[in-house]
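Welcome! Here are a few short exercises to work through with the coordinates open beside you. Try each task before reading its solution.

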Amino acid sequence: MILLSGLFPIIAQAQTPKGNTTNPSFSKAKKTMQKQIYTNPTEMKTIYCGANFDAKKYITLPTGFTTEVYKKRVKRWEAEHVVPAENFGRAFSEWRDGAAICIDRKGKEFKGRKCAEKANKEYRLMQSDLYNLYPAIGAVNAARQNYNYVMLPKTASKNYRTFGSCNMIIDKKDRDAQPPERARGVIARTYMYFEAVYPKYKMSRQQRQLMTVWDKQYPITKWECERAEKIRKIQGNINPVLNTRCKII
């Protein structure tokens, strides 16, 4: 009898990259951001406007920052979903249609984010993924809503909402957002990560093209890699998009 086991190498199958599987609590994720990820004062800056904030989440607005909307949230530190919760949440039937468990105290059925959060653990894990959460000025976070990132025409428009020295532009009519250059690379690689690890989320062809361009135009930074390593230790999963890039820094 001839044993063939030693003649053929065992080929290990590549594991499918995984997203967050450890923390289903968005509230906990926000506290983790504040206390365990953004701890170095030199890196305690909001994603879009680069506003400084402290350990107590107090934001110092950049010189020249202005806003005409959401003024009560202007100095509020908030956790921004770069890939908006609604954009992946609509893949869940609980968001679209509700669920048997989604009934309030008055017996009224509800759906949307509240129902998806209540009824579906997979949604909660996606919502709480630290790789997708970044600190933002509350007013800017609120104005961005779930708008897609785009490159807007350079010609000023009455439909554009701006923030003074912070070069974040919101197109109110077409419901689009153009982020400042400082955020574009991070945004691109976050979208790419989300699509890589969550089968329920897919970018449009146009969106994928833009993110590919931004990824090349705005290379990964040392802080991006340090942040990813902190998240890996806390959340337990590797970011496959950043993993290879960070090895060459």
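**Exercise 1.** Find the side chain with which the side chain of Q235 makes a polar contact at 2.9 Å, and work out whether Q235 is buried or exposed.

*Solution.* Step one: the partner is the side chain of N237, at 2.9 Å. A polar contact here is a pair of N or O atoms within 3.5 Å; within protein, one must be able to donate a hydrogen and the other to accept it, and residues adjacent in sequence count only if both atoms are side-chain atoms. Step two: the side chain of Q235 also makes a polar contact with the side chain of D129, at 3.0 Å. Step three: Q235 has 2% relative accessibility, so it counts as buried (under 20% relative accessible area, with exposed over 50% and partly exposed in between, using a 1.4 Å probe and protein chains only).

Before going on, please note that this is a predicted model, where local features need pLDDT of at least 70, side-chain atom pairs count only at pLDDT 80 or more, and totals for chains, interfaces and linings use all residues. Residues are numbered from 1 along each chain as its sequence is written, and side-chain values use heavy atoms, with hydrogens and water left out.

**Exercise 2.** Place Q235 and N237 in the secondary structure, then find the backbone oxygen that the side chain of N237 reaches.

*Solution.* Step one: Q235 sits in helix 9, while N237 lies in the loop between helix 9 (222-235) and helix 10 (240-246). Helices are DSSP runs of H or I with at least four residues, strands are runs of E with at least two, and both are numbered from the N terminus. Step two: the side chain of N237 reaches the backbone oxygen of K18 at 2.9 Å. Step three: N237 counts as buried because its relative accessibility is 7%.

**Exercise 3.** Which residues does Q235 contact, leaving aside its neighbours within four places in sequence?

*Solution.* Step one: taking contact as heavy atoms within 4.5 Å, the list for Q235 is N20, T22, S128, D129, L130, Y131 and Y193. Step two: pick L130 from that list; its C-alpha atom is 7.5 Å from that of Q235, although 105 residues separate the two along the chain. Step three: with the same neighbours left aside, N237 is in contact with K18, G19, N20, Y131, Y193 and R232.

**Exercise 4.** How many helices and strands does the protein chain have, and what percentage of its residues count as buried?

*Solution.* Step one: the chain has ten helices and eight strands. Step two: 47% of its 249 residues count as buried.
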